[in-house]
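These are notes on the model, written for a colleague who will look at the coordinates alongside them. Please read them as numbered points.

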Number of protein chains: 4
Amino acid sequence: MSKLKTLRGVIAYPITPFDAEEKVDIGLFKKLTGRLVTSGSHAIAPLGSTGVLPYLNDQEKEAVVEATVEVVAGRVPIVVGVSNLTTERTVYHARFAEKAGAAAVMIIPMSYWKLTDDEIFAHYRKVAEAISVPIMAYNNPATGGIDMSPALLKRLLEIPNVTMIKESTGDVQRMHYLRRALGEEVAFFNGSNPLALAAFSAGAVGWCTAAPNLIPELNLALYNAIQANDLTNARAIFYRQQELLEFITSKGLPRTVAAGLEILGMEAGGLRNPLAPLAAVEIARLEGLLAEVAPFAAQH
Amino acid sequence: MSKLKTLRGVIAYPITPFDAEEKVDIGLFKKLTGRLVTSGSHAIAPLGSTGVLPYLNDQEKEAVVEATVEVVAGRVPIVVGVSNLTTERTVYHARFAEKAGAAAVMIIPMSYWKLTDDEIFAHYRKVAEAISVPIMAYNNPATGGIDMSPALLKRLLEIPNVTMIKESTGDVQRMHYLRRALGEEVAFFNGSNPLALAAFSAGAVGWCTAAPNLIPELNLALYNAIQANDLTNARAIFYRQQELLEFITSKGLPRTVAAGLEILGMEAGGLRNPLAPLAAVEIARLEGLLAEVAPFAAQH
Amino acid sequence: MSKLKTLRGVIAYPITPFDAEEKVDIGLFKKLTGRLVTSGSHAIAPLGSTGVLPYLNDQEKEAVVEATVEVVAGRVPIVVGVSNLTTERTVYHARFAEKAGAAAVMIIPMSYWKLTDDEIFAHYRKVAEAISVPIMAYNNPATGGIDMSPALLKRLLEIPNVTMIKESTGDVQRMHYLRRALGEEVAFFNGSNPLALAAFSAGAVGWCTAAPNLIPELNLALYNAIQANDLTNARAIFYRQQELLEFITSKGLPRTVAAGLEILGMEAGGLRNPLAPLAAVEIARLEGLLAEVAPFAAQH
Amino acid sequence: MSKLKTLRGVIAYPITPFDAEEKVDIGLFKKLTGRLVTSGSHAIAPLGSTGVLPYLNDQEKEAVVEATVEVVAGRVPIVVGVSNLTTERTVYHARFAEKAGAAAVMIIPMSYWKLTDDEIFAHYRKVAEAISVPIMAYNNPATGGIDMSPALLKRLLEIPNVTMIKESTGDVQRMHYLRRALGEEVAFFNGSNPLALAAFSAGAVGWCTAAPNLIPELNLALYNAIQANDLTNARAIFYRQQELLEFITSKGLPRTVAAGLEILGMEAGGLRNPLAPLAAVEIARLEGLLAEVAPFAAQH
């Protein structure tokens with residue numbers, strides 16, 4: 001797991017672009033993902049919520065993983081989302097990711113029927129036993145439908161290769177609990193964009209975010225200010241991007257990142273139904289927010 | 001849509017049983033589903049939440065639909081669950097169900113990313129345009145992750161073949177709103193077991209439930225007492241089954257129905273991971289509840 | 001407690017009217033309360049939430065109790081609200097009510113600091129030991145700030161003269177639990193207007209409501225239909241008033257009852273700040289709702 | 001309002017102690033409050049939630065204010081809680097506080113009936129017009145029962161002498177909104193103990209807290225580290241007290257502060273019913289937490 005020692009900082013989540021027939025556009029995906037590496041992200045995480053993992057079939061997921069490995073080309077670690085409703089399919093995709101070269105896999109316990117804590121634990125254990133790379137346990141009730149308690153997250157860490165926790169509830173108290181309960185040895189990551197400052201203040205080692213698709217300079221500047229122990233500067237940098245972070249999160253990352261890329265002059269592809277593009281009024285709002293941050297982005 | 005005029009009463013939901021290799025056990029499914037018909041259910045609804053629809057792959061879903069049609073053999077209407085995260089797959093399965101002989105399809109807007117009202121409306125519209133049978137719009141935020149407001153449900157009824165609503169939030173106020181807003185022409189169904197009495201009192205035309213797998217006599221007796229305008233009797237019959245209804249709902253229908261069938265001496269098959277059997281203490285509790293209702297069940 | 005055997009049916013809650021100097025207008029209060037008796041209410045409950053109990057000082061509360069006793073003149077039982085943040089003041093007002101002639105007192109555990117179950121139990125016990133009349137334990141987190149669990153409500157009934165429960169959460173499941181856990185010996189009352197039909201269906205013996213200030217005929221007709229075991233008719237009568245019940249509850253009973261009385265041509269007095277009259281648009285809406293029910297009210 | 005320019009840092013909240021007859025013990029109150037000044041708090045806030053304001057009668061409130069002014073003797077500013085359900089009583093106590101020498105008053109919109117935004121605005125305006133000292137608008141739905149939206153808080157600042165906001169929801173996003181919407185000119189204070197680090201990181205100018213009754217050194221050390229722009233040290237100091245802060249907040253400040261003072265060897269007086277002392281198991285837990293922080297407290 002030596003590679004993972006260095007997993008920290010800004011973990012960037014690419015979108016999965018679709019063509020006019022709603023097929024995955026692998027060429028465009030590689031272009032967008034390559035940009036995330038060259039703009040300075042510390043790691044790349046395909047097939048996250050931003051990458052609309054659950055809307056893809058098995059073949060599409062595999063193609064995205066292979067494309068990521070190819071375009072990243074070893075420059076930064078890759079963390080692949082492999083979550084699935086059934087344990088069997090989760091094991092399958094975790095193995096595929098490991099073989100393809102992922103440094104780690106990320107798993108959110110997807111729900112239709114609410115799972116018990118024991119079911120969730122067994123799910124992670126079975127996947128963990130099938131692979132050798134580390135697992136990032138990901139809690140996000142807003143998308144996955146299950147809210148793993150801090151106590152359950154702590155229990156998951158008893159599984160040897162569950163070594164990282166990504167918290168996206170946006171509740172800073174949980175981060176306090178995790179930090180206190182787990183000590184400084186276990187890495188916890190923040191997955192809630194509007195909580196970026198509070199999470200770093202609480203001791204998060206990394207920020208899992210789709211924002212570098214649009215404002216990589218500001219995202220990295222926030223992390224660097226924290227690393228420099230300069231809270232005054234970190235706060236100033238955070239407030240420059242806070243409204244934008246809140247907007248892109250609240251309106252849905254696949255929609256807002258796609259719209260934002262178009263606004264910034266880049267090709268972004270389409271969405272897969274039932275997901276639909278932002279409404280005109282929302283696009284106008286996003287244009288305003290991006291225009292506001294442009295000068296600050298340039299200066300970093 | 002003439003067949004649907006008569007869709008009312010107790011709509012029974014079969015479980016989907018699995019064998020030791022976690023494959024769907026079609027033979028056992030047919031046996032269990034046949035029992036639901038012979039015990040008096042007014043309609044059969046395969047591939048609902050109880051039937052663990054989202055945990056099945058396309059081939060498995062198709063096999064379950066075909067098996068249902070075969071075993072029901074036209075004795076009662078069949079309502080097939082065809083929900084899927086993507087619109088394309090939902091259309092695919094809705095068409096399959098129609099061709100196979102379903103009287104109607106049931107659709108819950110499954111969510112990973114929260115959908116906007118416009119996205120949900122477009123999703124239903126696209127499916128509706130692809131088929132001729134009526135659609136039951138199904139609201140159940142506890143499983144599907146999206147809570148459709150009464151106003152949105154009303155809007156969905158503008159689509160010609162969306163003709164039925166199934167409400168499973170357990171909020172009787174929504175039923176009041178629906179009844180008042182929609183009038184008596186649109187059929188609304190209750191999908192929350194512990195709300196059965198309140199929903200029938202509020203004017204629900206049917207009860208979508210997995211309970212007939214275990215206590216069909218009591219379920220039907222409640223409906224018959226309501227039809228006879230005998231509230232005093234309906235109340236007495238409801239309280240006999242209320243604790244059991246609450247238990248099977250709160251612990252997860254696939255788990256509790258499977259356990260209950262075994263307790264009653266029937267083969268129930270296994271679950272698919274990550275879903276796991278009830279704990280021993282829960283099974284004991286279920287045994288107690290089933291023993292309590294047994295004499296009443298016998299008398300109806 | 002013999003008088004209480006007969007406490008059931010429609011328990012009417014008068015408002016407390018204020019004059020131009022925000023003083024309690026006792027003359028008007030008597031007039032409004034007398035009307036509630038003559039229009040057929042089965043009991044009168046001054047100093048409830050509708051009567052803005054917590055906004056009155058000790059002298060005002062005592063004057064309201066005495067005025068109620070005088071105007072009711074033994075025709076129906078009186079249930080006096082005596083809730084207070086401190087136990088000492090609650091005991092004081094409970095004793096006052098008993099001496100003045102109340103058949104029962106109603107107590108909601110008012111909260112600033114959330115109380116533990118043991119604190120709530122001790123609070124009721126101390127008041128109960130200081131009086132001889134029965135106590136109606138009242139649960140309404142929306143106003144009182146504390147949500148007493150069904151288990152706590154059950155425990156309160158261990159106190160000899162806590163004999164009635166009023167549930168205002170609007171959650172019909174709690175009524176099911178209470179009915180099942182307490183049996184038919186303990187009387188439970190519904191305090192949520194929009195839940196009137198569901199609560200009666202579930203077995204509530206009475207309806208605590210401010211609605212008889214505006215539509216006594218419809219309120220009583222619902223109760224009578226339930227008594228006649230005629231659910232079909234009860235449902236029809238309920239739907240006639242359901243939208244009005246929902247409106248007056250959601251906009252705040254002191255405001256909506258005052259506005260409604262004025263619309264119906266009766267003097268209603270003013271409110272005490274910070275409570276303010278309904279906005280014009282809300283008054284117009286209430287006019288519409290009252291006009292709709294007028295023909296039905298006349299026919300009952 | 002010049003005095004207020006300097007209102008920032010740690011605002012300490014004394015408890016209101018009671019004697020064996022549940023009377024306010026003014027002598028003990030002065031002793032406890034004097035300790036808060038000498039241990040370094042930057043301001044004193046009597047009659048807050050910690051001081052059980054709503055459980056006191058008018059005379060008791062006045063005695064507490066006078067005692068505070070006497071014991072503080074001008075060494076630090078005093079912020080008096082003057083909240084009341086009615087506007088008339090709030091005005092009365094605000095005037096009393098101003099005359100007695102308060103630098104500011106703090107007002108939470110207490111609720112029985114939920115107030116509309118317009119009612120809340122009018123309530124603050126009427127009080128503001130009656131006094132000359134600044135008002136701290138206090139939002140704490142967990143005690144007051146009303147949740148003022150960030151937009152309403154912003155609107156309240158249109159009233160000339162509403163100059164400060166105290167947020168106790170524990171939601172760091174609201175602080176972000178307030179800071180961004182109000183700019184740096186308006187002071188916002190954090191009233192949620194477990195959020196102390198996140199709030200200071202977000203730019204709060206002060207921390208309203210009862211914790212200095214027990215651990216003043218650690219509270220002040222956190223503020224000083226933030227002032228020194230040393231996030232690493234602030235984080236370390238925060239985690240030393242975090243578990244204690246969470247405990248005293250979750251179990252109710254009047255109860256936990258009283259218990260903690262006794263553990264630390266100080267007289268704390270009693271509580272007023274229905275509030276009751278912590279249970280033995282909770283006291284033991286508090287002993288453990290205080291023992292853990294003792295060495296760190298000593299070193300600051």
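The points below cover conventions, two interfaces, and salt bridges within single chains.

1. Conventions. This is a predicted model, in which local features need pLDDT of at least 70 and side-chain atom pairs count only at pLDDT 80 or more, while totals for chains, interfaces and linings use all residues. Residues are numbered from 1 along each chain as its sequence is written, chains are lettered from A and ligands numbered from 1 in the order in which they are written, and side-chain values use heavy atoms, with hydrogens and water left out.

2. Extent of the A/B interface. Chain A and chain B each bring 32 residues to their contact (contact means heavy atoms within 4.5 Å). About 2,800 Å² is buried between the two chains, and 60% of that lies on carbon and sulfur atoms. Buried area here is the accessible area, taken with a 1.4 Å probe, that two parts lose on being put together, summed over both. Y112(A), W113(A) and P274(A) account for 32% of the area that chain A buries against chain B, more than any other three residues.

3. Polar pairing between chains A and B. There are 2 salt bridges between chain A and chain B, a salt bridge being a side-chain nitrogen of Lys or Arg within 4 Å of a carboxyl oxygen of Asp or Glu. E119(A) and R255(B) form a salt bridge through their side chains, with an N to O distance of 2.6 Å. The two chains also have 22 residue pairs in polar contact, both residues at pLDDT 80 or more. A polar contact is a pair of N or O atoms within 3.5 Å; within protein, one must be able to donate a hydrogen and the other to accept it, and residues adjacent in sequence count only if both atoms are side-chain atoms.

4. Make-up of the A side. On the side of chain A that touches chain B, at least two residues come from each of α5 (117-130), α6 (141-144) and α12 (253-263). Helices are DSSP runs (H or I, at least four residues), numbered from the N terminus. The residues on this side of chain A are 16 nonpolar, 11 polar and 5 charged. In this classing, Ala, Val, Leu, Ile, Met, Phe, Trp, Tyr, Cys and Pro are nonpolar, Asp, Glu, Lys and Arg are charged, and the others, Gly among them, are polar.

5. Symmetry of the A/B pair. Chain A superposes on chain B by a rotation of 180° with 0.0 Å of shift along the axis, at RMSD 0.0 Å; the fit is by least squares on the C-alpha atoms of residues with pLDDT of at least 70 in both copies. The two copies are therefore related as by a two-fold rotation axis. G145(A) has the C-alpha nearest the axis in chain A, at 3.2 Å. Because 100% of the interface residues of chain A are also interface residues in chain B, the copies meet through the same surface.

6. The B/C interface. Here 26 residues of chain B meet 25 residues of chain C. The two chains bury about 2,300 Å² between them, with 49% of it on carbon and sulfur atoms. R180(B), N229(B) and Y239(B) lose the most area to chain C in chain B, together 27% of what that side buries. The interface holds 2 salt bridges, and R180(B) pairs with E243(C) in a salt bridge at 3.3 Å, N to O. It also has 17 residue pairs in polar contact, both at pLDDT 80 or more. On the side of chain B that touches chain C, α11(B) gives the largest share, 8 residues. That side divides into 12 nonpolar, 8 polar and 6 charged residues.

7. Salt bridges within chains. The count over all chains is 56 salt bridges. D147(A) and R174(A) form a salt bridge at 2.7 Å, N to O. D147(A) sits in the loop between α6 and α7 (150-156) and R174(A) in helix α8 (residues 172-182), 27 residues apart. D147(A) is partly exposed at 42% relative accessibility, whereas R174(A) is buried at 16%. Buried means under 20% relative accessible area, exposed over 50%, and partly exposed in between, with a 1.4 Å probe and protein chains only.

8. A bridge in chain D. E60(D) and R272(D) form a salt bridge, their closest N and O atoms being 2.7 Å apart. E60(D) lies in helix α3 (residues 58-72) and R272(D) in the loop between α12 (253-263) and α13 (280-299), so the pair ties together parts 212 residues apart in sequence. E60(D) is buried at 15% relative accessibility, and R272(D) is buried at 11%.
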